[in-house]
Amino acid sequence: MAVSTRGICILGATGSIGASTLDVIARHPDRYRVVALGAHGQDARMLALCQQFLPQVVAMADAQAAERLQQGLRACGLTQVQVLSGAESLQDIAVLPEVDPPLLPHRPTSHALHVVEQELGREEQRHPRALELGPARVV
């Protein structure tokens, strides 16, 4: 029986928990694919993640970081990656229809890590982080 890949959204992708989750996902490309990544403002780190994981969409809470990321993606030829900005855009990517399973809004990255670890037989690690929501815009 063929195993289908699960679409994953990682909020806080440039942080330590996001990095841990992406490390596990990178080791299991047959089981997981990164649909969306989100972060606050580390655009250089996000650019590297985009080059590695080729997400469909990226959300940056900081509008200036989103603009820098967009420029970096163009320079690398990754024009297929859609970039959103504003804190609300982080919430928007968490509920994309390609994301399986839907992420818990109060612990999105921790929930994604839990799902991955649970499927791989590892213990859950949770580090909840609050999100402040604001208007989203496409860059």
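Confidence varies among the elements of this predicted model. Helix 2 (residues 43–53) has the highest mean pLDDT, 98. Strand 5 (residues 137–138) has the lowest, 50. Over the protein chain, pLDDT averages 80. A score of at least 70 is reached by 70% of the residues. The stretch 122–137 stays under a pLDDT of 50. For residues 122–137 the model has 39 contacts beyond four places in sequence.

The protein chain contains five helices and five strands. Read from the N terminus, their order is β-α-β-α-β-α-β-α-α-β. Of the 139 residues, 46% are buried. Among contacts with a separation of 6 or more, 65% involve residues 24 or more positions apart. The accessible surface of the protein chain is about 7200 Å². Carbon and sulfur atoms contribute 52% of that surface.

Strand 3 (residues 57–60) pairs with two strands, beginning with strand 2 (32–39). Strand 2 and strand 3 run parallel and share four bridges. Within this pairing, Leu-37 has Val-58 of strand 3 as its bridge partner. Between the two strands the chain passes through helix 2, in a right-handed β-α-β crossover. Strand 4 (residues 82–85) is also parallel to strand 3, again with four bridges. Here Val-58 stands opposite Val-83. The chain gets from strand 3 to strand 4 by way of helix 3 (residues 63–76). That β-α-β crossover is right-handed as well. Val-58 thus has a partner in strand 2, Leu-37, and another in strand 4, Val-83. Ala-59 of strand 3 is bridged to Leu-84 of strand 4.

In a regular strand, side chains alternate between the two faces of the sheet. Strand 3 is covered on both faces. Val-57 and Ala-59 are buried on one side. Val-58 and Met-60 are buried on the other.

Ala-59 also serves as a reference point for helix 4 (residues 87–94), where Glu-88 is placed. The C-alpha atoms of Glu-88 and Ala-59 are 8.9 Å apart. In sequence the two residues are 29 positions apart. Glu-88 has a relative accessible area of 32% and is partly exposed. Ala-59, by contrast, is buried.

Helix 2 has a buried side and an exposed one. Its buried residues are Asp-43, Met-46, Leu-47, Leu-49, Cys-50 and Phe-53. Viewed down the helix axis, these residues fall within an arc of 165°, so they line one face of helix 2. An α-helix has 3.6 residues a turn, so residues three or four places apart point the same way. The face turned away from the buried side carries Ala-44 and Gln-52, both exposed. Cover for the buried residues comes from several elements, including helix 1 (16–26), strand 2, strand 3 and helix 3.

Helix 1 shows a one-sided pattern too. Ile-17, Gly-18, Thr-21, Leu-22, Val-24 and Ile-25 are its buried residues. They lie within an arc of 160° about the axis of helix 1, and therefore line one face.

Two loop residues adjoin this part of the chain. The first discussed here is Thr-14, in the loop between strand 1 (6–11) and helix 1. Its relative accessible area is 14%, below the 20% limit, so Thr-14 counts as buried. Beyond its neighbours within four places in sequence, Thr-14 contacts Ala-39, Gln-42, Arg-45, Met-46 and Leu-49. Among them, Met-46 and Leu-49 are buried residues of helix 2.

The other is Leu-54, in the loop between helix 2 and strand 3. Leu-54 follows helix 2. Its phi is positive, about 50°, although Leu-54 is not a glycine. Relative accessibility is 46% at this position, so Leu-54 counts as partly exposed. Phe-53 of helix 2, in contrast, is buried.

Notes:
Residues numbered from 1 in each chain as written. Heavy atoms only, no water. Buried < 20%, exposed > 50% of the residue type's maximum accessible area, 1.4 Å probe, protein only. Contact = heavy atoms within 4.5 Å. Areas by Shrake-Rupley, 256 points an atom, 1.4 Å probe, with all protein chains shown as cover. Pairing = 2+ DSSP bridges. Right-handed = clockwise from strand over helix to strand, strands pointing away. pLDDT = per-residue confidence, 0-100. Arc of directions from axis to C-beta.
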